[in-house]
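Okay, thanks for coming, everyone. I'll put the structure up on the screen, and then we'll walk through it together.

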Amino acid sequence: MTEPTGGLRLELLSLRHRRALEVFERVNREFFARHIGDRGDDFFTRFDVHLAERVAENTSGRSLLCVVTDASGEIVARVNLLDIDQPEQTELGYRVAERAQGRGIATWGVTCALDLAVGRGVRRVHAKVATTNPASRRVLEHCGFALVGPTDPPAGSPKSFLGCRRDL
Ligand SMILES: CC(C)(COP(=O)(O)OP(=O)(O)OC[C@H]1O[C@@H](n2cnc3c(N)ncnc32)[C@H](O)[C@@H]1OP(=O)(O)O)[C@@H](O)C(=O)NCCC(=O)NCCS
């Protein structure tokens, strides 16, 4: 797929992303809180523990946790595929920096991550989208997901959600 803007890279999350990841999460905290819920103070006070746990998931092959970096090495998006060790139960999630919205980055990042997932043997990917999030629904459509129907919201969310699925 064509890269939306020059210099973007999809990389597996690793410890060398520590500084850039914390900047991404802090700078966009309020934006993400408004759209998908706040991570809570504990996420930031235990940031190193969180990162080490996520990197360990990549290392063990349980998850495929990715970041999209720009030409300067800053992180502009995260794309996460959880439970890739269960090839039909893999779950997709993604978030894009407020300053980088509307440039095709989510669509590009998810497409690249799904390509990686195919290489790891993933056969089916599930996603949840809030009925109040048309941009995310559009991303899923662009990436070949089919609507399955109403589904349970993620823990703690008061919103209504739709389930989507893509067979790889
Ligand atoms: C949803 C999100 C990931 C989209 O990221 P993005 O990089 O801007 O997405 P893209 O540019 O690849 O695609 C967005 C699409 O939605 C469309 N869109 C944006 N706002 C829209 C709206 N209010 N109504 C309908 N469509 C909308 C865009 O036009 C684009 O579609 P197009 O390519 O057909 O024109 C981003 O807004 C985000 O991080 N939101 C907060 C976290 C979140 O909601 N994550 C998803 C959880 S399921």
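Let's start at Val96, which you'll find in strand S4. This is a predicted model, by the way, so please hear everything I say in that light. So, is Val96 buried or exposed? Val96 has a relative accessible area of 10%, and under 20% is what we call buried, so Val96 is buried. If you want a feel for distances, take Val96 and Gly40: they sit 56 residues apart in sequence, and their C-alpha atoms are 18 Å apart in space.

Stay on strand S4 for a moment, since Leu92 is there too. Leu92 comes out at 9% relative accessibility, so Leu92 counts as buried as well. From the C-alpha of Leu92 to the C-alpha of Leu65 is 9.8 Å, with the two positions 27 residues apart along the chain.

Now, back to Val96, because there's a ligand here. Which residues come nearest to the ligand? There are 20 residues around the ligand, and the nearest are Val96, Gln101, Gly102, Thr107 and Asn133.

What about polar atoms? I have three to show you. Look at Tyr94: a polar backbone atom of that residue is 2.8 Å from a nitrogen atom of the ligand. Then there's Gly102, where a backbone N or O atom lies 2.7 Å from a ligand oxygen atom. And at His142 we're looking at the side chain, with a polar atom 2.9 Å from an oxygen atom of the ligand. How much of the ligand does the protein cover? On its own the ligand has 960 Å² of accessible area, and the protein covers 70% of that.

Where does the ligand sit, then? The space the ligand takes up is the largest pocket. Several elements give two or more residues to the shell around the ligand: helix H2 (29-36), our strand S4 (90-96), helix H5 (105-119) and helix H6 (134-142). Which of them gives the largest share? That's H6, with six residues. If you sort the shell by class, you get eight nonpolar residues, eight polar ones and four charged ones.

Okay, let's leave the ligand and look at some other spots. Glu57 is in helix H4, residues 47-60. Its relative accessible area is 10%, so Glu57 is buried. What does the side chain of Glu57 contact? The side chain of Ser63: the two make a polar contact at 2.6 Å.

Next, the loops. Asp83 is in the loop between strand S3 (75-82) and S4. Here's the odd bit about Asp83: its phi is positive, about 60 degrees, and Asp83 isn't a glycine. As a reminder, most residues other than glycine have a negative phi. As for accessibility, Asp83 is at 21%, so Asp83 is partly exposed.

One more loop, the one between strand S2 (64-69) and S3, which is where you'll find Gly73. Buried or partly exposed? With 34% relative accessibility, Gly73 counts as partly exposed. And for a last distance, Gly73 and Gly144 are 71 residues apart along the chain, with 29 Å separating their C-alpha atoms.

That's my tour. If you take one picture away, make it the ligand in the largest pocket, with Val96 among the nearest residues and H6 giving six residues to the shell. Happy to rotate the view if anyone wants another look.

Key. Residues are numbered from 1 along each chain as its sequence is written. This is a predicted model: local features need pLDDT of at least 70, side-chain atom pairs count only at pLDDT 80 or more; totals for chains, interfaces and linings use all residues. Side-chain values use heavy atoms; hydrogens and water are left out. A residue is near a molecule or strand if one of its heavy atoms lies within 4 Å of it. A polar contact is a pair of N or O atoms within 3.5 Å; within protein, one must be able to donate a hydrogen and the other to accept it, and residues adjacent in sequence count only if both atoms are side-chain atoms. Accessible areas come from the Shrake-Rupley method with a 1.4 Å probe; for residues, only the protein chains shown count as cover. On a 1 Å grid over the protein atoms alone, a cavity is a set of points where a 1.4 Å probe fits but cannot get out, and a pocket is an open set with protein on both sides within 12 Å along at least five of seven lines; lining residues have an atom within 4 Å of a point. A molecule sits in a cavity or pocket if more than half of its atoms lie within 2 Å of its grid points. Helices (H or I, at least four residues) and strands (E, at least two) are DSSP runs, numbered from the N terminus. Ala, Val, Leu, Ile, Met, Phe, Trp, Tyr, Cys and Pro count as nonpolar, Asp, Glu, Lys and Arg as charged, and the others, Gly among them, as polar. Buried means under 20% relative accessible area, exposed over 50%, partly exposed in between (1.4 Å probe, protein chains only).
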